[in-house]
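Dear colleague,

I am passing on the structure we spoke of, together with some notes on what turned up when I went through it. Please read the notes with the coordinates open beside you.

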Amino acid sequence: MRHRMLFVFAAAAAACSHPAGTASPVSPASPSAAPSTGGDADLVARARAIHSRVITIDTHKDIPDNFATAAADPKTMPSQVNLDKMKAGGYDMAFFAVYVGQGARTDSGDAVAKQRAMTKFTAIHRMAEQMYPNLIEIAYTPEDVIRIHNSGKLIAGIGIENGWVIGHDLSLIKTYYDLGARYMTLAHTSNNNICDSSTDPKGPEWHGLSPFGKQVVAEMNRVGMMVDVSHVSKECMMQATALSTSPVIGSHSSTTAIANVPRNMDDEMLAAIKRNNGVMQTVAFTGYVKVQPAVRDTAVRKLNEEFFGPAPARGGGGGRGNQRASLAPEKLAEYDRRMAEIETRWPSANVQDFVNHIDHAVKVAGIDHVGISSDFDGGGGVKGWNGADETFNVTLELVRRGYSEDDIRKLWGGNVLRVMGENQKRAKTRA
Ligand SMILES: [Zn+2]
C-alpha cells in the first residue's frame, strides 16, 4: 500500500498496510469511474436525491500524526478526505481513526502507544473545536449525529484502531470513551495482549482472545464502546462476537467469498455478526476488494523502484508523498504511461467490484447488518470512490443494483448508528 501514497499524495501513516508485496495500487492514469449517465438520467437524478437525503457515514478514515496543524490542514490538505472534499462529495461523517501501529509490548512500549493515541485524539478535537468549529463537530451519540447534520455541519466520529493503546490498563477504555472513541479495533496487523491478528506472520498466539482480552470486551460493553472485530483473526472475531453482550462492529472489512484474503470475513463470520445484531462495514480497500495476481504486484513494485528507489519502511508515514512531484515532466509522463499499461492488463478494483461485496454481505447477513467504509488515507480507495469527493458514485451503484432508499439509508449509516446506540443504551442499563 505504500505505493498508493504516490497517487493520493497522502501523508497519513499506513494504518491498514497490506502485507508486503500484496498491495494493489490504483493507477493515477486510470480514469476515475465517472457516473455514466447514458440513457439513465432519471436513475442518476433519483440517486442524487437519495444521496442528498441520507446521512453518509464512513467508519474508517485515517489521519497523519501531524493532523490539524498548519502542515496538515483538515480543510484543504491534499489527502483523500478533507473538509472541502467531504462537503463537495456529500460525505457527511467520518470516523477519524486513532490508529497506532503495533510496537513493543513492554511497559515503555505501552506508554508510547498511549502517547501516540493521545496525540491523535488531541488533533481531532483541535480540528473540530479550535480550527473549524463552524464546519465540523464531534458526535458522541447517534442523536448528536442527527442534530449536527441538521445544523448543516459535517460530523466527526472517533474510532481507535489497535487495542494496544490501552496497554494493560482497562481504565483507559473509559478515558478514551470520554474523549469520544466509540469503537476500538482489538488488534491491528500483529498479535497483541488482547487477541490474535488475522495477519500476524507468526500465527496465533492466543487462539482467539487472551484472558485479558475477555476482560477488555467486558469493559467495552460496560462503558458502551463498540467492540471492533476487523483486523483480528477469525478465532478472535468469533469469540469476541459470542462474548460481547452488545452488538459488535467490523469497522472496515470485506468478504472472503469475493476476495479471499485474511482481512476479510467469511460467511460464518457474517452469520455471527447477524446473530449478534452487529454490523460489518464493507471496506473499499482495493487489495481486499479484488485479489490481483502476484505478477501485477511485482510489476508495480519494480516500476516504483525504478523511478523512486526502494519503498520506505511500513508505517513510516507517507515518505514518498513528494517524490512523484519531484519527477521531471517527461519522466512523470513515462511513469504514468507504464503504470497505465499495468492497469490495462490487470485493472484495479472499482466501485462495481466494491458493491459486489456489499451484495454478498447483504445476502448472507441481511440488509440490517452491513455498512460502508473506505480506509481513506490509510491505503483505501477504489476506482470511482477514491476520495470523499467521489462518494456519490457508491450511492449511484447501489441505486443501479436496485437498493431502495431505506436500504441505502441503512447501508450508509443507519445500521452503524443503531449498533452505536445499542451499545450506549446497554451500558446505561448496566450502570
Ligand atoms: Zn485497518
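Which residues in the largest nonpolar core touch the most other members? In this predicted model, they are Ala156, Leu186, Met225 and Ala240, in a core that holds 107 residues. Helix H14, which spans residues 351-365, gives the most to this core, contributing eight residues. For Ala240, once residues up to four places away in sequence are set aside, the residues touched are Leu186, Leu209, Val217, Val227, Val229 and Val248.

As for the chain in general, the protein has 431 residues, of which 54% count as buried, and its secondary structure comprises 16 helices and nine strands. Among contacts with a separation of 6 or more, 76% are between residues 24 or more positions apart.

Val217, one of the residues that Ala240 touches, belongs to the buried set of helix H7, which also includes Gly213, Val216, Met220, Asn221 and Val223. Helix H7 covers residues 211-223, and its 13 residues reach 19 Å from the first C-alpha to the last, close to the 18 Å expected at 1.5 Å a residue. The buried residues of H7 pack against several elements, namely helix H6 (171-178), strand S5 (181-185), strand S6 (226-228), helix H8 (234-243) and helix H16 (405-430). After H7 comes Gly224, which has a positive phi, near 100°.

The strands that I looked at most carefully are S7, S8 and S9. Strand S7 (residues 249-253) is mostly covered, with five of its five residues buried, and it pairs in the parallel sense with strand S8 (residues 279-283) over three bridges. Within that pairing, Ile249 stands opposite Val279 of S8. Between S7 and S8 the chain passes through helix H9 (residues 267-275), and the resulting β-α-β crossover is right-handed.

Strand S8 is likewise mostly covered, five of its five residues being buried, and this holds for both of its faces: Val279, Gln281 and Val283 lie on one side, Met280 and Thr282 on the other. Strand S8 is also joined by four bridges to strand S9 (residues 370-373), the two running parallel, and here Met280 has Val370 as its bridge partner in S9.

One loop residue is also worth a look while you have the model open. Is Thr141, in the loop between strand S3 (136-138) and helix H5 (142-150), buried or exposed? Thr141 falls in between and is partly exposed, because 14 other C-beta atoms lie within 10 Å, whereas a buried residue would need 20 or more and an exposed one would have 12 or fewer. Thr141 and Gln424 are 8.0 Å apart in space, C-alpha to C-alpha, although 283 residues separate them in sequence.

With best regards

Notes: Residues numbered from 1 in each chain as written. Predicted model: local features only at pLDDT ≥ 70, side-chain atom pairs only at ≥ 80, totals over all residues. Pairing = 2+ DSSP bridges. Right-handed = clockwise from strand over helix to strand, strands pointing away. Expected span 1.5 Å × (residues − 1). Contact = placed C-beta atoms within 7 Å. Core = buried A, V, L, I, M, F, W, Y, C linked by C-beta atoms within 7 Å.
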